[in-house]
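Reader: Could you walk me through the empty spaces inside this protein? I'd like a close look at what surrounds them.

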Amino acid sequence: VLTDVSLSLALATATAGALAGALGGMLGLGGGVFLVPVLVQGLGVPMPQAVAVSLTTVIATSNAISGSAEARSAINLRLGFLLELITAAGGLVGTVVAFMVSDRSLMLTFSAVMASMSALTFLRRDMRNVLPASVDPGAWGGRFFDEPTGVVVAYRVRRMPLALATSLVAGVLSTLLGLGGGVVKVPILNAWCGVPMRVASSTSAFMIGVTATSGALIYLGRGLLLPALAAAAVLGVQVGSVVGLRLAQRQPPRRLKTLLSVVLLIVSILMLRRLP
Amino acid sequence: VIDRIFAVSGHVSTALMAYGVAALWLHPDSWWAAAVVYAALLVLMLTPVTRVIVACTSYLRAGDRVSALLTAGILVVIAVSGWAAWNR
């Protein structure tokens, strides 16, 4: 177990945190999928401590985004809470399924799904899920100020069973692979369920913080969280998320979707490289 | 007002963290510097759950029982999964 944090390790962790925060600000991802390999393989941090730092940065990203005025208007709390409940149930299912599936087949499946979603996001990058503000958004949809067009727009949530199933799968994967659910939920919600990219990423960013809370508190309580390392990562996240949010505001959704597609492809490749 | 409180608590937590980290490097064995960092981390970690609790009470006040039930369900699931993970 690591006990001392050198200045170079803290600076490298803060830089990795800034990247994770920027991704969170732009795409609603927690960044754990990048941060954990960087900390473990790149900086030699033991796995439990890396996961503890990663969970803390996920919460920091979530707080920074859900506290910003830009993202707050786009967060759909009602939809987010429903999906979060299903994700949490999926997490419990994951603890049961964990004994039935081999790591290798699970990682192969996840990698294939990520690659397919990358292709899907790229192919549907021109599709905008926004409607005129006068349209009734339904029980789970909503309205928000669309920065690129400068008007308030509405959206309706379609294919709700698919959104629920995706959340369940995200919860299972979260338990089995130690990932946040954002990387699974954001592309599906946007590509198939009629949720605009900004709403999907902001809502996901808010909910990943809630998901990570119990785990992070447990690591803190068990003394596995190195305070100096976690604080360095969190400070990096604060800077990165501000930059990410500002960048996201100015980018057309098409560009954000292209970036998401690239990130999903990288996640797919990283997962293949981690195959046992 | 609640959003402002969350925003201010975020800034306070960041400032405490930056101060605590700097103090830890200057005085590595200082208990108060470690305590400041721990306090900042705790504020950070409890913020999302506090938001859910605030949302739950807002829904109850507005009479939206479905959303209030969803948020309460999340709090229960977080507590159960935390308890299960702690005892694993």
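Author: Sure! Keep in mind that this is a predicted model. The structure holds 5 cavities of 30 Å³ or more, and the largest cavity takes in about 140 Å³ of space. Lining that largest cavity are 17 residues, and the closest to its centre are Arg128(A), Asp146(A), Met197(A), Arg198(A) and Pro253(A). As for where the lining comes from, strand 2, helix 9 (197-221), helix 10 (227-250) and helix 11 (253-273) of chain A each chip in at least two residues. Helix 11 of chain A gives the most, with 3 residues. Sort the lining of the largest cavity by character and you get 8 nonpolar, 4 polar and 5 charged residues.

Now for the second largest cavity, with about 90 Å³ of space. Its lining has 15 residues, and nearest the centre lie Gly25(A), Arg198(A), Ser201(A), Ser202(A) and Leu245(A). Two or more residues each come from helix 1 (7-27), helix 4 (69-72), helix 9 and helix 10 of chain A. Helix 9 of chain A has the largest share here, 4 residues. This lining splits into 7 nonpolar, 6 polar and 2 charged residues.

Let's go back to strand 2 for a moment. Strand 2 of chain A belongs to an open sheet of 3 strands, ordered 1-3-2 with antiparallel pairing. Strand 1 (131-132) and strand 2 (142-146) of chain A are the edge strands, each with a single partner strand, so one side of each has no neighbour in the sheet. Strand 1 of chain A is joined by 2 bridges to strand 3 (residues 151-155) of chain A, and Leu131(A) stands opposite Ala154(A) in strand 3 of chain A.

Technical notes: Residues numbered from 1 in each chain as written. Chains lettered and ligands numbered in written order. Predicted model: local features only at pLDDT ≥ 70, side-chain atom pairs only at ≥ 80, totals over all residues. Heavy atoms only, no water. Pairing = 2+ DSSP bridges. 1 Å grid on protein atoms, 1.4 Å probe; cavity = no way out; pocket = protein on both sides within 12 Å on 5 of 7 lines; lining within 4 Å. Points joined across faces, edges and corners; volume = space filled by probe spheres on them. Nonpolar A, V, L, I, M, F, W, Y, C, P; charged D, E, K, R; others polar.
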